[in-house]
Amino acid sequence: MSLELFAHPFSSYCWKVLIALYENDTPFTFRMLAPDHPEESAEHARIWPLRRMPTLVDDGRPVFEATIIIEYLALRHPGRVRFVPADPREAIDVRMMDRIFDNYVSTPMQKIVGDALRRPDERDPRGVADARTLLETTYRWLDGMMKDREWASGAFGLTDCSAAGALFYADWAHAIDPAFANVRAYRARLLARPSVTRAVDEARPYRPFFPLGAPDRD
Ligand SMILES: N[C@@H](CCC(=O)N[C@@H](CS)C(=O)NCC(=O)O)C(=O)O
């Protein structure tokens, strides 16, 4: 078995797959995507012209998109954590929640962060305001969903791998109001999980690059 992950330790979508790999102690080679690693970046661009990370390569076979990579790992490199339940009805809820974290937490979070990286004359205030409104609405909905849940859907799985990085950075970009205590408690539970703690710690050296200024916590 030769698993390689093209990724960067500060990227929330890379955390999603790293957390899944750490959960099952799955051996893999980390291929760093960064300006000071031009060979990795060139190889990655050949494999995946869209240049999105993470990208998994399994014995030469590329697998794209964090959710699909975790589904692939569950199928081809299973471990003690299943990530997606065997029962197809339960699996629907897991996949639904995973989409919600990607589309309605990560996407608006990336919009806010990405906008801060732009030159002032290229910024999109209306798009950022819409992203903040979407995050606020999602936090409110999620607060109701997480009232009686420890993890996002049943046992720790795919959705929680997704939620960890999404909520970590979303809270930095658009703070989760204390009124949403269930979301804040879920984020804290995620951060206390060893696989997530490891991803957070590996990303610490890059915090000065957070364009909105990393808060002095977490
Ligand atoms: N839909 C992709 C999103 C991945 C993504 O947005 N990755 C970011 C890093 S967190 C990235 O590659 N950014 C580089 C770019 O946009 O060029 C997935 O689920 O894997």
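**Ligand contacts, strand pairing and a cis proline**

In this predicted model, a polar side-chain atom of glutamate 65 sits 2.7 Å from a nitrogen atom of the ligand. Alanine 66 also makes a polar contact. Here a polar backbone atom is 3.0 Å from an oxygen atom of the ligand. Arginine 52 adds a side-chain contact: one of its polar atoms lies 3.5 Å from a ligand oxygen atom. On its own, the ligand has 500 Å² of accessible area, and the protein covers 70% of that area. The ligand takes up the space of the largest pocket.

Which residues are around the ligand? Ser11, Ser12 and Tyr13 are among them. So are Arg51, Arg52, Met53 and Pro54. Glu65, Ala66 and Gln110 complete the list.

Two of these residues, Met53 and Pro54, share a cis peptide bond. The bond runs from methionine 53 to proline 54, and its omega is near 10 degrees. Most peptide bonds are trans. Proline 54 is placed in the loop between helix H2 (38-47) and E3.

Strand E3 covers residues 55-58. Strand E4 covers residues 61-64. The two strands run antiparallel and are joined by 4 bridges. Within this pairing, aspartate 58 stands opposite arginine 61 in E4. E3 and E4 form a hairpin, with 2 residues between them.

What is the sign of phi at aspartate 59 in the turn? The phi of aspartate 59 is positive, at about 50 degrees. Most residues other than glycine have a negative phi. Aspartate 59 has its positive value although it is not a glycine. This residue lies in the loop between E3 and E4.

A second strand pair involves E1 and E2. Strand E1 spans residues 3-7, and strand E2 spans residues 29-32. Do these strands run parallel or antiparallel? E1 and E2 run parallel, joined by 4 bridges. Glutamate 4 has threonine 29 in E2 as its bridge partner. Helix H1, residues 12-23, belongs with this pair. Together, E1, H1 and E2 make a β-α-β unit, and the unit is right-handed. In a regular strand, side chains alternate between the two faces of the sheet.

In short, the model holds one parallel pairing, E1 with E2, and one antiparallel pairing, E3 with E4. The ligand occupies the largest pocket, with polar contacts that include the one from glutamate 65 at 2.7 Å.

Note on methods:
Residues are numbered from 1 along each chain as its sequence is written. This is a predicted model: local features need pLDDT of at least 70, side-chain atom pairs count only at pLDDT 80 or more; totals for chains, interfaces and linings use all residues. Side-chain values use heavy atoms; hydrogens and water are left out. Two strands pair if DSSP finds at least two bridges between them. A crossover is right-handed if, with the strands pointing away from the viewer, the path from the first strand over the helix to the second runs clockwise. A residue is near a molecule or strand if one of its heavy atoms lies within 4 Å of it. A polar contact is a pair of N or O atoms within 3.5 Å; within protein, one must be able to donate a hydrogen and the other to accept it, and residues adjacent in sequence count only if both atoms are side-chain atoms. Accessible areas come from the Shrake-Rupley method with a 1.4 Å probe; for residues, only the protein chains shown count as cover. On a 1 Å grid over the protein atoms alone, a cavity is a set of points where a 1.4 Å probe fits but cannot get out, and a pocket is an open set with protein on both sides within 12 Å along at least five of seven lines; lining residues have an atom within 4 Å of a point. A molecule sits in a cavity or pocket if more than half of its atoms lie within 2 Å of its grid points.
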